[in-house]
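Here is a short note for a colleague who is opening this entry for the first time. Please keep the viewer open while reading.

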Number of protein chains: 2
Amino acid sequence: MSIGARRPTIRDVAERAGVSLGTVSNVLNRPDRVALATRKRVLDAIEETGFVRSTAAYQLRAGKSRSVGVVILDVSNPFFTEMARGIEDVCRDSDLVVVLCSTDELAEREARYLRLLVEQRVQGVLITPAGRKLDGVERLRRQGMPVVLLDSRTGRRDICAVFVDDVKGGELAGRHLVEAGHRRIAFLNGPLSIRQCADRRRGLRQALKRAGLDPDRCVSEYHLGALTATQGEAVVPKLLADPARPTGVFCANDVVALGLLSGLRRLDSSTPEQLAVVGYDDVRFAAMLSPSLTSVRQPIYELGRTAGRLLLDEMTNPDHRHQQILFEPELVVRDSSSPLGPEGRGARRGRRR
Amino acid sequence: MSIGARRPTIRDVAERAGVSLGTVSNVLNRPDRVALATRKRVLDAIEETGFVRSTAAYQLRAGKSRSVGVVILDVSNPFFTEMARGIEDVCRDSDLVVVLCSTDELAEREARYLRLLVEQRVQGVLITPAGRKLDGVERLRRQGMPVVLLDSRTGRRDICAVFVDDVKGGELAGRHLVEAGHRRIAFLNGPLSIRQCADRRRGLRQALKRAGLDPDRCVSEYHLGALTATQGEAVVPKLLADPARPTGVFCANDVVALGLLSGLRRLDSSTPEQLAVVGYDDVRFAAMLSPSLTSVRQPIYELGRTAGRLLLDEMTNPDHRHQQILFEPELVVRDSSSPLGPEGRGARRGRRR
DNA sequence: TTGAAAGCGCTAACAG
DNA sequence: CTGTTAGCGCTTTCAA
């Protein structure tokens, strides 16, 4: 096919091979039903014309696509890309394509993407909802679309979900800070409409209460518009001017912590001497920051794989039973939250709890 | 629509609204041609039935989709996701969906994705080729598919491309190391089949030659299977056992440098005292590593936007002229390559050249 | 083993 | 303003 020419169809191939269009289709879909010689002629014709099947036509006939949608909050957060990789690795085995959509935590963009995915007739959707309402998810399910909640806790038993115990994760972080003697803690959180944010907050407060402290007095919360490095960096001046003068900070994820450390460094404020920092996710770069970042680890890739498998089961298994699979977080202590000392910074390699 | 029911079609909507199917289509595509009352009835029927247009059917009619393909080397590399964001931001304005494909530098996977994209009849493709051959790209173009090379130098004038001068980037890194007195330099590079890798290598060697040094003697090259943190970390033992005992390392990208620093730390080797490190890309986290990473900066987001605009132009403008747009790299010096001193580490915030 | 023909859901040209 | 109709490219009966 040369430039400008119309894309060749199965009909063009048939003509060239001197067979009917049905035969070409058979070569494509059930080659064993076609005589060897004919098959070869057709294959040659395909080669010569540069024919490539149209997904649209296939789909229209089949009534469904060969793809699944993955809706995440932020492509530039390694947490989500690693999770997506887990999903993709599972889907590849079933010859399914992953359509990746990043909402940037915007409900409006989520709605738009979900509509797009339905228009594309994806076979299923894996989603970390941007809001708490789940109305987008509900709409999908009402239409009979298999859906798995990604990294998103739910009390409901009628929908598949994989998630990590974020309340516990928040508590791990909180307890760690409290045990290190911090009584004025800043919490850089995202919108509470995001389930993970609300849960981590709850855990943090719980930890304080359990230590006999009053969260309302000890914690000053900063609600970032989004959990990004930019926002984490932008909040630094406010943080340093906070009348409560926090000595420790808990960031709702590592990307925010990255921004925070960046901002602190820019203002020549030192960590952890002046401000201890704890992140969340334990993404790859966390261990490598300056100082290395204490973080709450999640089994990210595994989360993705598990979610992918659940979706495949829901899509293909008539006896599918909805499951909510819970993973446990783990605190990894590093320099960003450690008191300095001769054996302090740098000596520590990350201690899990 | 309830679970298990067939998905409603435009025909179901028409029936429910008591109009013909053509009218429903008009409401969808040219609402002004339909009387207000009718339109309302149809809209209600759409709402009630839960009708969602099928992209497949639309495409089949239109002969094309509303999407473009973006083929990158690695989704988990912030360099590529930031570039993708630039592309997406441009495409959104034209109501185009971006299909993101990550080849992990595997030619085979690239071929598979390209085929998939053609099957989907994407309107254009932006690609960082996994190999040097460009045969996948050639095939696309022969089929009349608009293609823009992403971050990929080409001498050809008959194809759009955006790229940064990687030879110069390599040279910046090399000169910096040489000027700092390094005479035994390790180069952690990816496969030379990747254009960027070959170019950065050339630049590095050029810098040495210009300084009157012999690259063959001064540089020991390590060809990683892929430019990932894992590979960067895995090479550390070999690096430390290198008979040439390098004092400086140039990493072909920041993700590799991240892995390298990680591995060095694990083995208690110190940077930059024992080994100066220079990365490439200057992604967000580079400034925040421990030690902060000297890196060759590229205008990443801008690269994406520019590429997106070129593709849109090629797709829509009959007078389109192919352009190769070159950006300049910039060295950002930080602690990972600096000699330590009282005013040394930490004092430095990143100096551009 | 191959061919003919119906139809997937939709758009757009045309007729009324 | 609304309805009728011919396909878009393909898969899949059903006949030959």
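The points below cover the model, its domains, one helix, the two DNA strands and the cysteines.

1. Status and layout. This is a predicted model. Chain A is split into three parts: domain 1 (10-53), domain 2 (63-164 + 300-327) and domain 3 (166-297 + 331-352). Domain 2 and domain 3 are each written as two segments. Between domain 1 of chain A and domain 2 of chain A, the C-alpha centres are 37 Å apart.

2. Helix α1 of chain A. This helix runs over residues 10-17. Its buried residues are A:V13, A:A14 and A:A17. They sit on the same side of α1(A), because they span an arc of only 100 degrees around the axis. The other side of α1(A) carries the exposed residues A:R11, A:E15 and A:R16.

3. Surroundings of DNA strand D. Which residues come closest to DNA strand D? They are A:I10, A:R61, B:T23, B:T38 and B:R61, out of 23 residues that surround the strand. Both protein chains therefore appear in that list, as the names show. Of the atoms of strand D within 4 Å of the protein, 66% are sugar or phosphate, and the rest belong to bases.

4. Polar contacts to strand D. A:R30 places a polar side-chain atom 3.1 Å from a phosphate oxygen of DNA strand D. B:S20 uses its backbone instead: an N or O atom there is 2.8 Å from a phosphate oxygen of the strand. B:R61 reaches a base. An N or O atom of the B:R61 side chain is 3.0 Å from a base nitrogen of DNA strand D.

5. Make-up of the surface near strand D. Four helices each supply at least two residues: α2 (21-29) and α4 (55-62) of chain A, and α2 (21-29) and α4 (55-62) of chain B. The largest share is that of α2(A), with 4 residues. By class, the surface has 9 nonpolar, 9 polar and 5 charged residues.

6. Surroundings of DNA strand C. Here 22 residues surround the strand. The closest are A:S20, A:T23, A:T38, B:I10 and B:R61. Sugar and phosphate make up 70% of the strand C atoms within 4 Å of the protein.

7. Contacts and surface at strand C. A polar backbone atom of A:A35 is 2.9 Å from a phosphate oxygen of DNA strand C. Two side chains of chain B also have polar atoms by phosphate oxygens of this strand: B:S25 at 3.3 Å and B:N29 at 3.3 Å. The elements giving two or more residues to this surface are α2 and α4 of chain A, together with α2 and α4 of chain B. Here α2(B) gives the most, with 4 residues. The classes are 9 nonpolar, 8 polar and 5 charged residues.

8. Cysteines. How many disulfides are there over all chains? The count is 0. Why is A:C218 unpaired? The closest cysteine sulfur, in A:C251, is 18 Å from that of A:C218, which is too far for a bond; the cut-off is 2.5 Å. B:C101 is in no disulfide either, as its nearest cysteine sulfur, in A:C101, lies 13 Å away. Both residues are buried: A:C218 has a relative accessible area of 12%, and B:C101 has one of 4%.

Methods: Residues are numbered from 1 along each chain as its sequence is written. Chains are lettered from A and ligands numbered from 1 in the order in which they are written. This is a predicted model: local features need pLDDT of at least 70, side-chain atom pairs count only at pLDDT 80 or more; totals for chains, interfaces and linings use all residues. Side-chain values use heavy atoms; hydrogens and water are left out. A polar contact is a pair of N or O atoms within 3.5 Å; within protein, one must be able to donate a hydrogen and the other to accept it, and residues adjacent in sequence count only if both atoms are side-chain atoms. Ala, Val, Leu, Ile, Met, Phe, Trp, Tyr, Cys and Pro count as nonpolar, Asp, Glu, Lys and Arg as charged, and the others, Gly among them, as polar. Buried means under 20% relative accessible area, exposed over 50%, partly exposed in between (1.4 Å probe, protein chains only). Domain bounds come from an automatic or database domain assignment. The arc is that of the directions from the helix axis to the C-beta atoms.
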